[in-house]
Amino acid sequence: MGGMQLEQQQALAAARQRFADGGALAESLLAPSVQRSWERSRLAGVQPRQEPHYAPLAASGPRLDDPADRRLARCVRDDLDHLWAAFGGRQWTLFCVNAGGMIVAQREHGLADVPVLRPIQVGRRLREIDIGTTAPACSLADDAPALVRGNEHYLDRFAAVFCLSVPLHGLDGEVLGALDITGTGDRDAELLHGYFRQAALSTENRLMIEHRPCHLLAVQHDARWLQSPLQGLLAVEEDGRVRAANRVARRLFGLPRRGPLPLLTLEGLFAGASVHQRRRLLQTGPAHRVRIGEDTAVYVQYLRGPLAARAGVRSEAAAGQAGAPSLRALNAQGVREAVAAHHGNIAAAARQLGISRTTLYRHLRG
């Protein structure tokens with residue numbers, strides 16, 4: 001591999017076999033998360049020289065039966081497309097797994113036929129008990145970015161594979177899945193990590209935006225980061241209780257990194273704000289500066305109010321997307337809500353609704 005010396009790779013392979021035979025590992029040989037995955041793989045009875053085992057896919061094909069899986073696949077799709085445009089190629093595949101390690105979305109080169117990548121398909125579960133150490137397995141287990149390359153994998157079969165992943169989080173900060181790039185080559189891991197972290201934040205924001213029963217607020221110390229993956233998001237119920245906060249918002253307000261939020265209201269969250277500032281929090285308008293403490297303030301922008309359940313929803317099989325109303329069900333308000341949910345991105349809103357941009361503009365004018 002280009003990024004790792006041949007001697008180091010050979011030393012890893014020898015150490016791995018000794019470890020599989022019951023030996024101990026030298027300190028600092030592996031990243032802690034990778035070492036823990038080796039330990040789980042050994043405990044599961046996996047042997048480095050065995051071939052990877054993949055459970056057969058369902059006879060019905062790559063269909064996602066769980067609504068949560070379909071929602072995750074829908075929300076990650078645009079980010080997978082952007083990452084693929086930048087980093088995709090014949091020797092690479094990008095995919096998203098759920099918390100159980102099952103692939104729910106994927107991008108690959110249609111003409112490529114790389115044997116080691118061929119089994120990576122939507123609907124397949126990537127488990128350590130079957131294929132040993134992988135970056136998604138490490139990310140899901142440790143809730144942290146992971147890099148596994150060459151003989152850091154537990155199976156000899158993956159000695160030429162580069163694998164990097166970042167975790168995805170749900171409304172309560174729980175690990176919801178992981179976003180991964182895998183290929184037979186070498187890449188700048190630090191560069192990839194930055195882009196994949198941004199993509200994970202973007203996907204998590206889409207998941208929050210789909211939480212329809214709540215008001216949605218965007219917050220950031222720097223107003224230039226609003227309407228970007230770096231914006232904080234707060235989902236607020238009608239009574240003012242803060243139902244959920246994304247990773248950025250939790251960090252901005254010093255909230256627990258994971259787990260359900262404590263009982264928290266907008267008034268308590270913005271304790272340093274004036275009565276007038278708090279009154280504006282759930283009102284439409286441009287971003288405005290609001291104090292949250294004696295020496296701290298954030299910019300707040302009201303994105304949208306609670307959304308009613310969609311009417312006239314077409315089937316996902318027919319529409320290709322969940323929650324896209326039929327043309328008859330569309331009205332100017334529904335179109336405005338879709339545009340707001342996509343931060344003003346007309347093309348994305350039209351794609352969600354299953355209409356052209358020209359039709360979308362016509363509904364807005366109507």
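**Close-up views of helix α3 and two loop residues**

**View 1. Buried residues of helix α3.** In this predicted model, the buried positions of α3 are Asp69, Leu72, Ala73, Arg74, Cys75, Val76, Asp78, Asp79, Leu80, Leu83, Trp84 and Phe87. Charged side chains are thus named alongside apolar ones, among them Asp69, Arg74, Asp78 and Asp79.

**View 2. Length and bend of helix α3.** Helix α3 comprises 21 residues, running from 67 to 87. Because each residue is expected to contribute 1.5 Å, the helix should span 30 Å, and the 29 Å between its end C-alpha atoms agrees with this expectation. The helix also carries a kink of about 40°, with Arg77 at its centre.

**View 3. The start of helix α3.** Here the side chain of Asp66 is directed to the backbone of Ala68. One of the side-chain oxygens of Asp66 comes to within 2.8 Å of the backbone nitrogen of Ala68.

**View 4. Ser28 in the loop between α1 and α2.** Ser28 is situated in the loop that links α1 (6–20) to α2 (32–43). Most residues other than glycine have a negative phi. Ser28, however, has a positive phi, near 65°. The residue is exposed, since its relative accessible area of 72% is over the 50% cut-off.

**View 5. Asp143 in the loop between α5 and β3.** Asp143 occupies the loop between α5 (135–142) and β3 (146–149). Its phi, near 50°, is likewise positive in a residue other than glycine. Asp143 is buried, because its relative accessible area of 7% is under the 20% cut-off. Ser28, by contrast, is exposed.

Conventions:
Residues are numbered from 1 along each chain as its sequence is written. This is a predicted model: local features need pLDDT of at least 70, side-chain atom pairs count only at pLDDT 80 or more; totals for chains, interfaces and linings use all residues. Side-chain values use heavy atoms; hydrogens and water are left out. Helices (H or I, at least four residues) and strands (E, at least two) are DSSP runs, numbered from the N terminus. The expected span of a helix is 1.5 Å times one less than its number of residues. The bend at a residue is the angle between axes fitted to the seven residues ending there and the seven starting there. Buried means under 20% relative accessible area, exposed over 50%, partly exposed in between (1.4 Å probe, protein chains only). A polar contact is a pair of N or O atoms within 3.5 Å; within protein, one must be able to donate a hydrogen and the other to accept it, and residues adjacent in sequence count only if both atoms are side-chain atoms.
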